[in-house]
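These are my notebook entries on one structure. I set down what I looked up, topic by topic.

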Amino acid sequence: MARKETGDIAAGRLTSGQLAENFSDVAPPLDRQRALIEASRCHFCYDAPCIQACPTAIDIPGFIRAISTDNLTGAANKILEANIFGGQCARVCPTEILCEGECVRNDPEDKPVEIGALQRYATDWVYERDVQLFTRAAHTGKRIAVVGAGPAGLTCAHALALLGHEVEVFEARAKSGGLNEYGIAEYKVVNFSQREVEWLLSIGGIRLQHGKALGRDIHLSQLRREYDAVFLGLGLGGVNALSLGDAALPGVRDAVDFIAELRQAVDKAAVPVGRRVVVIGGGNTAIDAAVQSKRLGAERVTLVYRRGADAMSATNHEQAFAQAEGVHVIHYAQPVELIARNGVVAGIRFEHTRIEHEKLLGSGEFFEIDADVVLKAIGQVLQADGLSEASVELLRLNKGRIVVDADFATSLAGVYAGGDCVGGKTDLTVQSVADGKHAAAAIHAQLTQA
Ligand SMILES: Cc1cc2nc3c(=O)[nH]c(=O)nc-3n(C[C@H](O)[C@H](O)[C@H](O)COP(=O)(O)OP(=O)(O)OC[C@H]3O[C@@H](n4cnc5c(N)ncnc54)[C@H](O)[C@@H]3O)c2cc1C
Ligand code: SF4
C-alpha cells in the first residue's frame with residue numbers, strides 16, 4: 001500500500017485489512033435466536049418507563065411483543081410510525097441514558113432489555129426486503145419547502161408526504177442524511193444511512209434537490225412566496241473558533257471536517273492522520289474524532305477537556321468507550337497557545353483549570369503536549385447567513401439558535417424549524433426526529449384548518 005508522508009501526518013498507517021476491521025460494525029446485529037431470547041426478557045410493563053424516556057415515544061413493549069411472535073413487519077411498523085429514522089436511532093441513540101436507562105430490569109443483578117439491538121433487528125428486516133409500510137393520503141394540493149435533508153428535515157418531509165402534501169427538500173450538500181451521513185462515526189452506521197434515506201423516500205411525494213443552499217441558491221422570502229409553508233432543518237453547520245490566534249496553522253483543523261472526510265472516503269487508507277493527535281472538547285464530536293484517529297492508526301491520541309467528566313456532553317458510555325480504545329483523557333485543562341515548528345503545529349500548551357463557585361478558573365500551572373494534529377471539537381453553531389436577508393423580517397434567534405414556539409413555529413408566519421438549529425434540549429438524532437414529526441403535525445394543522 002502507498003504510504004504518503006507529510007511530517008508526522010501520514011495516510012496508510014494501517015493495512016486495508018486492519019482498517020476494514022477497525023471501521024466495521026461496533027455492535028453487530030442480533031440473529032433470530034438472540035432476538036427471541038432478548039424479547040422474552042421484557043416484562044411488557046404497563047405505563048412502560050422506556051416509552052416515556054424515548055423522545056419519539058416508540059411503543060417499545062408493543063414492538064418487542066411483536067418480535068417475540070416473529071411478526072417483524074408489525075414490530076417495524078410500530079417503531080417506524082413513531083420514528084421514521086428508527087433504524088438509525090437503533091444504532092446511534094445513547095440508549096443507556098434514554099429507554100434502556102429507564103428499563104425496570106436496570107439493577108445491579110440484572111441488565112436492561114437490549115431495546116436498541118431489538119429495534120435494529122426489526123427495522124433491518126424491512127430495509128433489507130424493501131418493505132414499504134405506509135401509504136400516502138390523497139393529494140391535498142399543498143406544497144411545503146423543507147431546507148436541510150438531515151434527520152429533522154427528512155422526518156418532517158416524510159410525515160407531510162404521508163398526509164398527502166407535496167414536499168420539496170433543498171439540501172446544500174451532495175448527499176442526504178445530514179450528520180447521519182457526514183458526522184456520526186461509521187462503525188455505528190456501516191453502509192446504512194443512504195439505504196435508510198432511499199427507503200424513506202420510497203413513500204413518494206418528496207422531491208430532493210441537492211447542492212441548493214439557503215442564502216446562496218434559494219432565499220427564504222422566495223420560499224415563503226412559492227410554498228404554503230417552510231420547514232428549516234439546518235442543523236449547526238458552523239464551528240466555534242479556538243481563539244488562539246494561530247488556528248489557521250497547518251495541522252490544526254475542525255474535528256467535524258476530519259470526521260466528514262473520513263465518512264466520505266472510499267479508501268480509509270488514503271485519509272491522513274497524525275502520529276500524535278490532540279483533540280479539544282468534551283462532546284460526541286470530540287469522542288468520535290479521538291476514537292477514529294486511533295482506529296486510523298494514530299499512535300497517541302489525547303482528549304483534553306476544560307472541566308470534569310460529569311460536565312462532558314458525551315455520555316459516560318462514550319467516555320468509557322474512548323478510554324477502552326486507548327484514548328488518553330485529560331480533564332480540567334484549557335488550551336492557551338498553539339506551538340508551531342517549521343510553519344506547522346508541533347504541540348499545544350494547556351493551563352490546568354479548577355471550578356470555584358461554579359466558575360471555571362485558570363490555575364496558573366501549565367503543561368505542553370506534542371502534537372502533529374490538533375482537532376477542535378469545541379461546539380457547532382448555527383450558520384445564520386442564509387437567514388438574514390434584508391427582504392424579510394429577521395427570524396428571531398436566541399443564543400445562536402432559531403426561536404420556536406411549542407408547535408415549532410418561528411417568528412416568521414408559515415416558517416417552522418426543528419432539530420439542532422433550534423436546540424434547547426439534547427442535540428441528538430432522536431430529538432431531531434421528534435422535532436421534525438411535531439412540526440409536520442403543526443404544519444398540517446395550519447394548512448388544513450378551515
Ligand atoms: C460527530 C458527531 C457525532 C454524533 N454522534 C451522535 C450519536 O452517536 N448519537 C446521536 O443521537 N447523535 C449524535 N450526534 C448528533 C446528531 O448527529 C444531530 O443531533 C442530528 O444529526 C441533528 O439533525 P438535524 O437534522 O437537526 O441536523 P443535521 O443532521 O446537521 O442536518 C442538517 C442538514 O441541513 C443542511 N443545511 C445546512 N445549512 C443549509 C443551507 N443553508 N441550505 C441548505 N441546506 C443546509 C446540511 O447540509 C445538513 O444536511 C452527533 C453529531 C456529531 C457532529
Ligand atoms: S421498561 Fe424494560 S421490561 Fe418494561 S416494557 Fe420497557 S423494555 Fe420491557
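**Entry 1: the open sheet**

I began with an open sheet of 5 strands, whose order is 5-4-3-6-20 and whose pairing is parallel. I noted the edges next: strand 5 (206-210) and strand 20 (415-417) each have a single partner strand, so one side of each is left without a neighbour in the sheet. From one strand to the next, I read an average twist of 20°. I keep in mind throughout that this is a predicted model.

Within this sheet I looked up the pairing of strand 3 (residues 143-147) with strand 4 (residues 166-171); the two run parallel and are joined by 5 bridges. As a point of register, I recorded Ile144 opposite Val167 in strand 4.

**Entry 2: two hairpins**

I then turned to strand 13 (residues 333-341) and strand 14 (residues 344-356), which run antiparallel with 8 bridges between them. Here Gln334 stands opposite Glu351 in strand 14. The two strands form a hairpin with 2 residues between them, and I noted a positive phi of about 50° for Asn342 in the turn.

Strand 14 also pairs with strand 15 (residues 359-370), antiparallel and through 9 bridges. I took Phe350 as the marker of register, and its bridge partner in strand 15 is Phe367. Strand 14 and strand 15 again form a hairpin with 2 residues between them, where His357 in the turn has a positive phi of about 50°.

**Entry 3: Ser293**

I asked myself whether Ser293 in the model counts as buried or exposed. Ser293 lies in helix 14 (residues 284-296). Its relative accessibility is 1%, and the cut-off for buried is under 20%, so Ser293 counts as buried. Apart from neighbours within four places in sequence, I found Ser293 in contact with Phe258, Val273, Val277, Ala298, Val301 and Leu375.

**Entry 4: ligand 1**

Which residues are the closest to ligand 1? I listed Val92, Glu171, Leu179, Lys188 and Leu214 as the closest of the 33 residues that surround ligand 1.

I next looked up backbone atoms facing oxygen atoms of ligand 1. A backbone N or O atom of Ala152 lies 2.9 Å from an oxygen atom of the ligand. For Leu428 I noted 3.3 Å between a backbone N or O atom and a ligand oxygen, and for Asp427 3.4 Å from a polar backbone atom to a ligand oxygen. On its own, ligand 1 has 990 Å² of accessible area, of which the protein covers 93%.

Lastly, I recorded the elements that give two or more residues to the shell: helix 9 (151-162), strand 4, helix 14 and helix 16 (429-448). Helix 14 provides the largest share, 3 residues.

Terms used:
Residues are numbered from 1 along each chain as its sequence is written. Chains are lettered from A and ligands numbered from 1 in the order in which they are written. This is a predicted model: local features need pLDDT of at least 70, side-chain atom pairs count only at pLDDT 80 or more; totals for chains, interfaces and linings use all residues. Side-chain values use heavy atoms; hydrogens and water are left out. Two strands pair if DSSP finds at least two bridges between them. Helices (H or I, at least four residues) and strands (E, at least two) are DSSP runs, numbered from the N terminus. Axes are lines fitted to C-alpha atoms, for helices over the stretch in contact, and angles run from 0 to 180 degrees between N-to-C directions. Buried means under 20% relative accessible area, exposed over 50%, partly exposed in between (1.4 Å probe, protein chains only). Contact means heavy atoms within 4.5 Å. A residue is near a molecule or strand if one of its heavy atoms lies within 4 Å of it. A polar contact is a pair of N or O atoms within 3.5 Å; within protein, one must be able to donate a hydrogen and the other to accept it, and residues adjacent in sequence count only if both atoms are side-chain atoms. Accessible areas come from the Shrake-Rupley method with a 1.4 Å probe; for residues, only the protein chains shown count as cover.
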